[in-house]
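Reader: I'd like to go through this protein with you and ask what stands behind the labels. Could you show it first?

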Amino acid sequence: MAVLSEGRAAVYEEPLGPAGVRIRDRARTDVSPGTVAIAIRAASINHLDLFLAQGLQRDVKPPRVIAADGAGLVQASGDPAWRPGDEVVVYPVVCDWECEWCRAGENVRCPHFGVIGEHSDGTACELLHVDARSVFAKPKALSWTEAAAFPLTFLTAWRMLTTRARLRAGEKVLVVGAGAGVAVAAIRIARHLGARVFATSRSEAKRRKALELGAEAVFDSTEFSRPVRQATGGGVDVVFEHVGPATLAESMRSVVMGGRVVTCGSTSGAKAEIMMARLFWGQMDLLGSTMGNAGEFRAVLRAMDDGLRPVVDSIYPLGEVQAALQRLDAAEQFGKVVLSV
Ligand SMILES: [Zn+2]
């Protein structure tokens, strides 16, 4: 079912970077059966939105309302599961909910799988119409800002660390590029699961913040594998990757025999070379992952009820979406950049 963004909305119109995203007013419509209309209170942006605004997602044609993450109040519901006034968050995935994979709980394998705000309209708007199956109760302890800050990054990092890398309490995990939203989520989740966390960043300020979040030791982003092996007594069990060519070789040098390297992205380029012997001689698992299933989203929500929290970097009014995108573009953020609606 199509996602619709209505009312004031941040719309990607031209591939100019942040300047190509403008506030427009869209007509409001009645809710359709099976769909919920949510008065968005907060949305948050991801690097994806910046790629989109830069025209790098060539299969996405403007105009497109941006953002995957949103939280708000049900305004009208075409499904008996929800009533006006319910406080909700949106599962940030586009899927058809009907195919055999979706029915088996494997939304990530749906032929219509995508990201809200990339493969459909997005959450950076006043009123979002979305399939009722994509709507979940907002964790009570979270503020609106926090509720909009966690969905995509925590879903992604949760699947990477639990389903894919099988991280267990007491194991050591290295999170590279620690300032990115997904990496901050990984630090928080790994600590929540009782793992020992290590982190890398080019930025001294971000390394310090990673320590505040519970990392035991932090490292500069260049040639980190030797100091990581020294600090961890031979290497980590899991490396959490999202940077790609700039760090992958060092990440693969940082794991113990039988270690796992799990990645959800490649922000430093599309192609990487790897040392094949390190992969097979090291009994290594090199794992790919994208976002996650609705069941994994429910697991994140339960973890939020148990005290897991996102990290909010900054909050901008919806009307200042260009400044919010510029903050991501400058790579100065630590945690999530949120739009209040
Ligand atoms: Zn499906």
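Author: What follows is a set of questions and answers about this model, which is a predicted one.

Reader: Let's start with the whole thing. What makes the protein as compact as a globular protein of its length?

Author: Its make-up first: there are 11 helices and 18 strands. The radius of gyration is 20 Å, and the globule rule gives 20 Å for 341 residues, so the protein counts as being as compact as a globular protein of that length. If you prefer box dimensions, the C-alpha trace spans about 60 × 40 × 35 Å along its principal axes.

Reader: And how many of the residues count as buried?

Author: The cut-off is a relative accessible area under 20%. By that test, 55% of the 341 residues are buried. The accessible surface comes to about 14200 Å², and carbon and sulfur atoms hold 50% of it.

Reader: Which contacts join residues at least 24 apart, and what share do they make up?

Author: Take the contacts between residues at least 6 apart in sequence: 70% of them link residues at least 24 apart.

Reader: What about strand 12, why is it called mostly covered?

Author: Buried means under 20% relative accessible area, and four of the five residues in strand 12 (residues 196–200) are buried, so "mostly covered" fits.

Reader: How do you know that strand 11 and strand 12 pair?

Author: Pairing needs at least two bridges. Strand 11 (residues 172–175) and strand 12 have four, in the parallel sense, which means the pair passes the test. For one of those spots, look at L174, whose bridge partner in strand 12 is F198.

Reader: Which strands does strand 6 pair with?

Author: One is strand 5 (residues 69–77), joined to strand 6 (residues 87–90) by three bridges and running antiparallel. There, A71 has V89 as its bridge partner. Another is strand 10 (residues 135–137), again antiparallel and with three bridges. On that side, V88 stands opposite A137.

Reader: Now the backbone oddities. What makes the peptide bond from P62 to P63 cis?

Author: Its omega is near 0°. You'll find P63 in the loop between helix 1 (47–53) and strand 4 (64–65). As background, most peptide bonds are trans, and most residues other than glycine have a negative phi.

Reader: Which residues have a positive phi although they are not glycine?

Author: R166 is one, with a phi of about 50°, and A331 is another, at about 55°. R166 sits in the loop between helix 4 (151–164) and strand 11, while A331 is in the loop between helix 11 (321–329) and strand 18 (336–340).

Reader: Why is R166 called partly exposed?

Author: The label covers values between the buried limit of 20% and the exposed limit of 50%. R166 has a relative accessible area of 38%, so it is partly exposed. A331 gets that label too, because its relative accessibility is 38%.

Reader: And D220, why does it count as partly exposed?

Author: D220 has 35% relative accessibility, so it falls between the 20% and 50% limits and counts as partly exposed. Its place is the loop between strand 13 (217–219) and helix 7 (225–232).

Reader: What is D220 in contact with?

Author: Setting aside neighbours within four places in sequence, D220 contacts T200, S201, R202 and R207. R202 is 18 residues from D220 along the chain, yet their C-alpha atoms are separated by 5.3 Å.

How values were computed. Residues are numbered from 1 along each chain as its sequence is written. This is a predicted model: local features need pLDDT of at least 70, side-chain atom pairs count only at pLDDT 80 or more; totals for chains, interfaces and linings use all residues. Side-chain values use heavy atoms; hydrogens and water are left out. Helices (H or I, at least four residues) and strands (E, at least two) are DSSP runs, numbered from the N terminus. The radius of gyration is taken over C-alpha atoms; the globule rule is 2.2 Å times the number of residues to the power 0.38. Buried means under 20% relative accessible area, exposed over 50%, partly exposed in between (1.4 Å probe, protein chains only). Contact means heavy atoms within 4.5 Å. Accessible areas come from the Shrake-Rupley method with a 1.4 Å probe; for residues, only the protein chains shown count as cover.
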